[in-house]
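Reader: Hi! I have just started learning to read protein models, and I would love a close look at one small part of this one. Could you walk me through it slowly and then show me how to read other spots in a similar way?

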Amino acid sequence: MQDSDLRLTFLQLIQRCDNAIISRPTIDSDPSSEFDQEELVPLYLSDSPTSKDYQIPIGLLRPIIVEQLKFENEKSRRNNQRDLWILDHGQNSKPRVSFAGWADSPSKRSAAMKKLCEQWRDCGLFSDVCGPKKWRAELYPVYKDPFGPHDYPKDDDESKETNFAFEMERSACALFGVVTYGVHMTIYQEVESDKSRELKIWVPTRAKTKPTWPGYLDNSVAGGIPSGMGVFEALVKECMEEASIASDVVQKYARAVGSISYFFRTSAGWLQPEIEYVYDMPIPSDIDPTPFTPKPLDGEVESFEFLDQNAVVSRMRAGKFKANCALVIIDLLIRLGYITPDNEPEYMKILTRLHGRFEYERWKL
């Protein structure tokens, strides 16, 4: 079925994005895919039972990655180098993979991951994920507790305990099933009269040269949060780079309104648990709207349209939005009172599904 033929419900839009299953499917889950029967192996920072990091999983590995890491160890031995990975095949417990004991700091783990991912890129391994055409040359943080603080070692001082575990190439994160983070903002205006209320939203079209979701519709401003950068700092950066919105406007009018989270599995089976921090920028009705009008700057956006609510919802239901961006708009429509328990029979399923935990408690079971 072509996207133009789709008429998806709000819940189906969420299911398209939150589609990874690591335990028995529920009645509301999407039909099982060919990957749902894979045994996913948790990735840990330490293999030492006395370490506080021993029982904290930071990612999930598919069988093909576990086998590749086993091969990487064999290759290291042939070259008289140290193993990077400890692979426990689960004779007495569930299988697990962890960093070797020598990789005991963020800088050591980051350096090892940099070397590994660049080798995979250069030899064409997993080219659909981190090959030369997919490579982002941007580092993403990996945290010990994915729901914990976004800290970072100051001045390269690793003597103090942090939630920061290491950093790695953005495109390769899906290979290791680590949680990644982004920031999304909606620039909108509401016009109210005695009998009606109209909502209009600035909607960009992604450039056709983008390595992911080319040509799809997006949120007004959106982007990943690079390693070492704060959430609001990332928003300010993206506002200028993608939409030419000045930092003083963002500082004054953008407001944090929450987050959404979902566990996306790509059509090739790769795992992308993601948390998106959500911001609003309502356009005041009593001032010049020009500073709020987005314009393409860095080539990642082709154009912007100021669309009314009906047009936005119609295009969402036709599958024209990048999957996670539809979730941000659904969240907006709930918060502004356009989607309510009275007009949406699946309201509670939608509301709870927007704020998942990736079945995180099951990763180590």
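Reader: Where is Asp 156 found?

Author: Happy to help! The model is predicted, so local features need pLDDT of at least 70 and side-chain atom pairs count only at pLDDT 80 or more, while totals for chains, interfaces and linings use all residues. Residues are numbered from 1 along each chain as its sequence is written, and side-chain values use heavy atoms, with hydrogens and water left out.

Now to your residue. Asp 156 is found in the loop between strand 5 and strand 6 (164-169). Strands here are DSSP runs of E with at least two residues, helices are runs of H or I with at least four, and both are numbered from the N terminus. Asp 156 counts as exposed because its relative accessibility is 70%. Exposed means over 50% relative accessible area, buried means under 20%, and partly exposed is in between (1.4 Å probe, protein chains only). The areas themselves come from the Shrake-Rupley method with a 1.4 Å probe, and for residues only the protein chains shown count as cover.

Asp 156 also has company. Together with Asp 155, Asp 157 and Glu 158, Asp 156 forms a patch of negative charge on the surface. Patches are built from residues with over 30% relative accessible area and no salt bridge, joining like charges within 9 Å and nonpolar side chains (Val, Leu, Ile, Met, Phe, Trp, Tyr) within 5 Å. Asp and Glu count as negative and Lys and Arg as positive, while His and the chain ends are not counted. Each charge is placed at CG of Asp, CD of Glu, NZ of Lys or CZ of Arg.

Another loop residue makes a good companion. Ala 137 sits in the loop between helix 4 (127-130) and strand 5 (139-143). Ala 137 counts as exposed because its relative accessibility is 65%. Its phi is near 55 degrees, which is a positive value in a residue other than glycine. Trp 213 has a positive phi too, of about 50 degrees, and is not a glycine. You will find Trp 213 in the loop between strand 8 (197-206) and strand 9 (221-224). At 28% relative accessibility, Trp 213 counts as partly exposed.

Next come the charged pairs. A salt bridge is a side-chain nitrogen of Lys or Arg within 4 Å of a carboxyl oxygen of Asp or Glu, and the structure holds 22 of them. One joins Asp 83 to Arg 77, with the closest N and O atoms 2.6 Å apart. Arg 77 is partly exposed, at 48% relative accessibility. Another joins Asp 280 to Arg 335, where the closest N and O atoms are 2.7 Å apart. This pair links distant parts of the chain, with Asp 280 in strand 11 (residues 271-282) and Arg 335 in helix 9 (residues 323-335), 55 residues apart. Asp 280 is buried at 0% relative accessibility, whereas Arg 335 is partly exposed at 31%. Salt bridges can also join up: Glu 38, Arg 62 and Arg 265 are linked in a network of them.

Let us finish with some buried residues. Arg 109 lies in helix 3 and counts as buried, at 5% relative accessibility. Contact means heavy atoms within 4.5 Å. Leaving aside neighbours within four places in sequence, Arg 109 is in contact with several residues, including Leu 45 and Phe 166. Leu 45 and Arg 109 are 64 residues apart in sequence, yet their C-alpha atoms are 8.9 Å apart in space. Ser 110 is in helix 3 (residues 106-123) as well and is buried, with a relative accessible area of 12%. Not counting residues up to four places away in sequence, Ser 110 touches Phe 166 and Glu 167.

Finally, compare two pairs by their spacing. Trp 202 and Ser 220 are 18 residues apart in sequence and 5.5 Å apart in space, C-alpha to C-alpha. Ala 243 and Ile 225 are also 18 residues apart in sequence, but their C-alpha atoms are 17 Å apart. Trp 202 lies in strand 8 and is buried at 13% relative accessibility. Ala 243 lies in helix 6 (residues 231-243) and is buried, with a relative accessible area of 0%.
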